[in-house]
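Colleague: Thanks for sitting down with me over this one. Could you walk me through some of its local geometry?

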Amino acid sequence: MDSIRIVGGAPLRGNVKISGAKNAALPILCSSLLANGEHVFRNVPDLRDIVTTTALLGQLGVEAKLTPSVVTLHTRTTDAREAPYDLVKQMRASVLVLGPLVARYGEARVSLPGGCAIGARPIDQHLKGLEAMGATITLEHGYVHAKVAAGRLRGAEVVLDIPTVTGTENLMCAAALAKGRTTLVNAAREPEVEELGRVLNKMGADVQGAGTDVITIDGVEGLHPVDHAIMADRIEAGTYMVAAAATGGDVLLEGVTLEHLEALTAKLRRAGVAIEREASGVRVSGTPPYRAVDVTTAPHPGFPTDMQAQLMVLMCLTRGQSVITETIFENRFMHVSELNRMGAQIEVHGRSATVHGVPSLEGASVMATDLRASASLVVAGLVAQGTTDVQRVYHLDRGYEHIEQKLAALGANIQRVKSNA
Ligand code: EPZ
């Protein structure tokens, strides 16, 4: 397995282009199942999760062509209805084919995604919504089997217990072809949900309120293929913002939408990071030590859980102590033990971590456990004294396009070390 070697201490300087958003691309690619014909998706990031998604769609009859940043999907009617375990186990977001399959064919068999490193991550809300819309759900041999006896889903009011992001996205797709109106109450408000609403409407759907906590979808008889450019990745952008600040750098991020990162931006500014809009993007600069700030993750527009690990590294570089509380996932502090091996002083008590500022971090060999934990270890390596080897970087490759090239272009001393295995 490859690793990434970083010699820390170089302030990041220069411009970085933010790639298309993984968490927008995944539901949008899966929505191609809703409409026959040729879909063209641009600004798609070159990531392992995109390859996995197109492989899964391939097993569902969709012919995929991947070129750098453009994915063409040709959908046709098939009798394929199953998302197999060997693909779903690689990427839980494979569950995003459930809604489109049930909407299109009245049936789907999707392997239960199972838990992952950061938590159990059940899909009960996805299934509750589909049942309300007329699907019969059975769980058999590790698969979810959804079947609509009437052949076509019917509109319903669904009050979600949790503003689940992929749950909202699955049900938006399911409702797009249902008979009648569906109202999703307590829907997720993430920008990626809003982007999916835009794409569905470009396909001919009638989605209102995507991006708010009440989404109304009036089902239509059919949809047509779409040509769409994916929005910028706010979490990739946030990661580079933290890296720029942590290294005492000065970086211009191109293509970022600051409105999608208001909670993060507010915390970074409170900590003493300079964040300024410019004609061609957003400039981020600063010099450690920063002011310690407390953070609690929450559904959008709250502080994003996907930025919690990265911000924790910045809070190591303060003169005070910061309390970081993770409310979304039950096990999202696995980066803490690795950061402490690099000289950080972080104590975990249940859902909260107390981060005591330290004068510096030390390079070490560390292990990545999930996508955003990996990103935090890379940021730590960029600021640490000495050399850091981040193992299991396949986690990183799932969500950060060409990360070592982008960081090297900003002046980081970073390289990928190929393994023989
Ligand atoms: C999406 O995951 C993102 N993934 C995650 O990003 C992100 O961390 C998460 O939303 C929260 O913002 C994609 O969009 C592909 P949830 P998702 O359903 O939809 C519980 C990354 O690093 N829940 O909003 O799976 C669940 O256990 C990834 O890019 C239920 O209990 O998250 C969790 O505790 C990681 N029942 C909470 O809700 C359900 O039916 C939020 O989960 C669904 C969710």
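Modeller: Happy to; what follows is a short run of questions and answers on a predicted model.

Colleague: Let's begin with helix α8, residues 234-246; how far apart are its end C-alpha atoms?

Modeller: Helix α8 has 13 residues, and at 1.5 Å a residue it should span 18 Å. The model agrees with that expectation, as the end C-alpha atoms of α8 are apart by 18 Å.

Colleague: And which residue puts a side-chain oxygen close to the backbone nitrogen of I235?

Modeller: Look at the start of α8, where the backbone nitrogen of I235 has a side-chain oxygen within 2.9 Å. That is inside the 3.5 Å limit for a polar contact. The oxygen belongs to D233.

Colleague: Is R234 buried or exposed?

Modeller: R234 sits in helix α8, where 13 of the 13 residues are buried. Away from its sequence neighbours, R234 is in contact with E190, P191, E192, H260, L261, H300 and P304. Its relative accessibility is 8%, and the cut-off is under 20%, so R234 counts as buried.

Colleague: H300 caught my eye there; which residue does H300 join through a cis peptide bond?

Modeller: Most peptide bonds are trans. Here omega is about 10°, and the bond is cis. The partner lies in the loop between β18 and α10 (308-316), and it is P301.

Colleague: P289 lies in the loop between β17 and β18; what is omega for the bond joining P288 and P289?

Modeller: The peptide bond between P288 and P289 is cis as well. Its omega is about 5°.

Colleague: Now the pair α5 and α6: are these helices roughly parallel or roughly antiparallel?

Modeller: Helix α5 (residues 124-132) and helix α6 (residues 165-176) have axes 8 Å apart, and Q125, H126, G129 and L130 of α5 meet T166, G167, N170, L171 and A174 of α6. The crossing is right-handed. The packing angle is about 20°. Angles under 35 degrees count as roughly parallel, so α5 and α6 are roughly parallel.

Colleague: One last thing: is H141 buried or exposed?

Modeller: H141 is in the loop between β8 (136-140) and β9 (143-147), and its phi is positive, near 50°. Most residues other than glycine have a negative phi. As for accessibility, the relative accessible area of H141 is 79%, and the cut-off is over 50%, so H141 is exposed.

How values were computed
Residues numbered from 1 in each chain as written. Predicted model: local features only at pLDDT ≥ 70, side-chain atom pairs only at ≥ 80, totals over all residues. Heavy atoms only, no water. Helix = DSSP H or I, 4+ residues; strand = E, 2+ residues; numbered from the N terminus. Expected span 1.5 Å × (residues − 1). Buried < 20%, exposed > 50% of the residue type's maximum accessible area, 1.4 Å probe, protein only. Polar contact = N/O pair within 3.5 Å; in protein donor to acceptor, adjacent residues only side chain to side chain. Axes fitted to C-alpha atoms, helices over the stretch in contact; angles between N-to-C directions. Parallel < 35°, antiparallel > 145°, perpendicular 65-115°, else oblique. Left-handed = near helix turned anticlockwise from the far one by under 90°. Contact = heavy atoms within 4.5 Å. Lists of a residue's contacts leave out its neighbours within four places in sequence.
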